[in-house]
Amino acid sequence: AATTPGARYVVLTDRHTSPFLERHAEVAITAPDDAPLMLKYTIAQMEYEKRADAGLVVLAATDCIANRNLDDATPTACGLALTHKKAGAINNIAYVRDHGLAAWFLGRAIDVLQRYPAGIQAWCGDQRSWEFALGEWGGDGEIKTAEPFGRRIFVYPCASHNSFPLRSGSLKAGGAFLYHFKGGRKEHLVSSAEQIIARGTH
């Protein structure tokens, strides 16, 4: 609400976990009850996209917080945008305006993920499967593209759309649209969110 007026925060989960979250956040039960974590995670996203209302949906992990107005993150003509790290690996954040395209893409990723060993299905397999489902991508400029089966998907740099904050938790007002608190950075998530909320009220 501090960065993107009118936005909703929806937690995707399963029937077992839902009662523990409903008092704290809006919940959508889209995940299967029994599946390895990353497979469950990706299925939950696909099922949500199948029924999503028109407009922007940002598929982000629970260790992400908005830093800028997400409505400005991609143009309306951009149906699906993923993010990539400096080294080129695809990260598991998506900006979605074409929900049919996103559901199709996530379905492709799920088909790949189900063939991975159990350990990878449980951890990090979502990002690997997204990379496989995307295929080759590239182009001039900061914003890249891929066209698996003729369907255009954009690839934005993490620096502008899914940045990792400093290890100290310090944030810059003009930074990325999302901050992603991986690893030890998680301990700063709450204090960083409080900084953004305070900034938005002045």
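1. Two strands count as paired if DSSP finds at least two bridges between them. Strands (E, at least two residues) and helices (H or I, at least four) are DSSP runs, numbered from the N terminus. On this basis, 6 strands form an open sheet of mixed pairing, in the order β3-β6-β5-β9-β8-β7. The edges are β3 (57–59) and β7 (137–138); each has a single partner strand, so one side of each is left without a neighbour in the sheet.

2. A note on the basis of these points. This is a predicted model, in which local features need pLDDT of at least 70 and side-chain atom pairs count only at pLDDT 80 or more, while totals for chains, interfaces and linings use all residues. Residues are numbered from 1 along each chain as its sequence is written, and side-chain values use heavy atoms, with hydrogens and water left out.

3. Within the sheet, β8 and β9 run antiparallel and are joined by 3 bridges. Ala-146 stands opposite Ile-153 in β9. Helix α5 packs on the sheet, where it touches β5, β6, β7, β8 and β9, and its direction makes about 70° with that of β6. Contact here means heavy atoms within 4.5 Å. Axes are lines fitted to C-alpha atoms, for helices over the stretch in contact, and angles run from 0 to 180 degrees between N-to-C directions.

4. Helix α3 (residues 99–113) also meets the sheet: α3 lies across β3, β5 (80–84), β6 (90–96) and β9, and runs at about 50° to β5.

5. The two helices α3 and α5 pack with their axes 8 Å apart, at an angle of about 115°. Residues of α3 in this contact include Phe-105, Leu-106 and Val-112, and those of α5 include Trp-130, Phe-132 and Leu-134. The residues of the contact divide into 9 nonpolar, 2 polar and 2 charged. Here Ala, Val, Leu, Ile, Met, Phe, Trp, Tyr, Cys and Pro count as nonpolar, Asp, Glu, Lys and Arg as charged, and the others, Gly among them, as polar.

6. The count of salt bridges comes to 6, a salt bridge being a side-chain nitrogen of Lys or Arg within 4 Å of a carboxyl oxygen of Asp or Glu. One of them joins Asp-14 to Lys-40, with the closest N and O atoms 2.6 Å apart. This pair links distant parts of the chain, 26 residues apart: Asp-14 is in the loop between β1 (10–13) and α1 (18–21), and Lys-40 is in helix α2 (residues 37–51). Both Asp-14 and Lys-40 are buried. Buried means under 20% relative accessible area, exposed over 50%, and partly exposed in between (1.4 Å probe, protein chains only).

7. Lys-50 and Glu-47 form another salt bridge, at 3.3 Å from N to O. They are 3 residues apart in helix α2, so about one helical turn separates them. Lys-50 is exposed at 54% relative accessible area, whereas Glu-47 is partly exposed at 27%. In the salt bridge of Arg-152 with Glu-147, the closest N and O atoms are 3.0 Å apart.

8. Two backbone points deserve a look. Most residues other than glycine have a negative phi. Cys-124, not a glycine, has a positive phi of about 75°; Cys-124 lies in the loop between α4 (118–122) and α5 (125–134) and is partly exposed, at 26%. Phe-149, also not a glycine, has a positive phi of about 55°. Phe-149 sits in the loop between β8 (144–146) and β9 (153–157) and is exposed, at 70% relative accessibility.
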